[in-house]
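Subject: Structure for you to look over

Hello,

Here is the structure I promised to pass on. Please open it first, then read my notes below.

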Amino acid sequence: MMISYETGTDKFQYRAASIVIHNDKILMQRTEDNNLWFIPGGRVEFDETAEKTIEREMMEEFGVPIIHKKLIWIIENFIKFPERRIHEIGMFFLVKLPEGHSIYQFDGDFQGNEEGLINRWIHKDELDDYVIVPEFVVPELRDLESKIGIKHVINRSVRD
């Protein structure tokens, strides 16, 4: 059971995500019907740690194990849409995958194991060419190498 609930038009969810960087490219996803790119991950299940969530999600979506992970961001995300509000708690991990895995061979859009998602390796110098959400992700990715420890981010955004 995913940790997510709705009350009227409001929704709460607990999410974990994997930041994968390879050759200065970041692995990103979007849904087939949307142009908003995001870091791969998913909702945490009841009685599952965020670390186990990213391990499960990377296996489900790409068939790839995580060999190292480090929590770097704890996010409180408040998103306001015209007809709905979302409150999300997110744990973002910097992860390493096995060298030589086939996931690194893709160029351009590619399909993983999960229907409805488009994946792409986006070079860090091209991040501004994409609409990436939440909005804090691009500046934080650019400044990632200078950060030590875990950063707490409160993100408030309004979307159409």
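A polar contact here is a pair of N or O atoms within 3.5 Å, where one must be able to donate a hydrogen and the other to accept it. Keep that in mind for glutamine 29. Its side chain makes such a contact with the side chain of glutamate 61, at 2.6 Å. Please note that this is a predicted model.

**Glutamine 29**

Which side chain, besides that of glutamate 61, does glutamine 29 reach through a polar contact? The partner is asparagine 119, at 3.1 Å. Glutamine 29 sits in strand E3, which covers residues 25-31. Is glutamine 29 buried or exposed? Its relative accessible area is 1%, and under 20% is the cut-off, so glutamine 29 is buried. Its surroundings come from several parts of the sequence. Setting aside neighbours within four places in sequence, glutamine 29 is in contact with Leu36, Trp37, Phe38, Pro40 and Gly41, among others. Glu61 and Phe62 are also on that list, as are Leu117, Ile118 and Asn119.

**Isoleucine 39**

Isoleucine 39 belongs to the loop between strand E4 (36-37) and E5. Isoleucine 39 is buried too, with a relative accessible area of 1%. Asparagine 119 comes up again here. The C-alpha atoms of isoleucine 39 and asparagine 119 are 9.8 Å apart, while their positions lie 80 residues apart along the chain. Residues up to four places away in sequence are not counted in what follows. Isoleucine 39 touches Arg15, Ala17, Ser18, Ile19 and Met28, and also Trp73, Phe92 and Val137.

**The whole protein**

Now step back. The protein has 2 helices and 11 strands. Read from the N terminus, the order is β-β-β-β-β-α-β-β-β-β-β-α-β. How does the radius of gyration fit a compact globule, and what is its value? For 160 residues, a compact globule would have a radius near 15 Å; the protein has 15 Å, so the two agree. The C-alpha atoms fill a box of roughly 45 × 35 × 35 Å along the principal axes. Of the 160 residues, 45% count as buried.

Contacts reach far along the sequence. Take those between residues at least 6 apart: 65% of them join residues at least 24 apart. The accessible surface is about 9,100 Å², and carbon and sulfur atoms hold 50% of that. As for charge, there are 20 positive and 30 negative charges. Their mean positions are 4 Å apart.

**Glutamate 48 and its neighbour**

Go next to the loop between strand E5 (41-43) and helix H1 (50-62), where aspartate 47 lies. Aspartate 47 is exposed, with a relative accessible area of 76%. Its phi is near 70°, a positive value in a residue other than glycine. Most residues other than glycine have a negative phi.

Glutamate 48 is in the loop between E5 and H1 as well. Is glutamate 48 buried or exposed? At 16% relative accessibility, glutamate 48 counts as buried. Its side chain makes two polar contacts worth a look. One joins the side chain of threonine 53, at 2.7 Å. Another joins the side chain of arginine 56, at 2.9 Å. Thr53 and Arg56 are also among its contacts beyond four places in sequence, together with Arg43. The C-alpha atoms of glutamate 48 and methionine 58 are 15 Å apart, with their positions 10 residues apart along the chain.

**Backbone points to check**

Asparagine 23 has a positive phi of about 55°, although it is not a glycine. Asparagine 23 lies in the loop between strand E2 (10-22) and E3. With a relative accessible area of 60%, asparagine 23 is exposed.

Where is the cis peptide bond that joins a valine to a proline? It joins valine 133 and proline 134, and omega is about -10°. Most peptide bonds are trans. Proline 134 is found in the loop between strand E10 (131-132) and helix H2 (137-142).

**Serine 157**

Last stop: serine 157, in strand E11 (residues 151-158). Serine 157 counts as buried, at 9% relative accessibility. Not counting residues up to four places away in sequence, serine 157 touches Phe78, Ile79, Lys80 and Glu135.

Best wishes

Technical notes:
Residues are numbered from 1 along each chain as its sequence is written. Side-chain values use heavy atoms; hydrogens and water are left out. Helices (H or I, at least four residues) and strands (E, at least two) are DSSP runs, numbered from the N terminus. Buried means under 20% relative accessible area, exposed over 50%, partly exposed in between (1.4 Å probe, protein chains only). Contact means heavy atoms within 4.5 Å. The radius of gyration is taken over C-alpha atoms; the globule rule is 2.2 Å times the number of residues to the power 0.38. Accessible areas come from the Shrake-Rupley method with a 1.4 Å probe; for residues, only the protein chains shown count as cover. Lys and Arg count as positive and Asp and Glu as negative; His and the chain ends are not counted. The place of a charge is taken as NZ of Lys, CZ of Arg, CG of Asp or CD of Glu.
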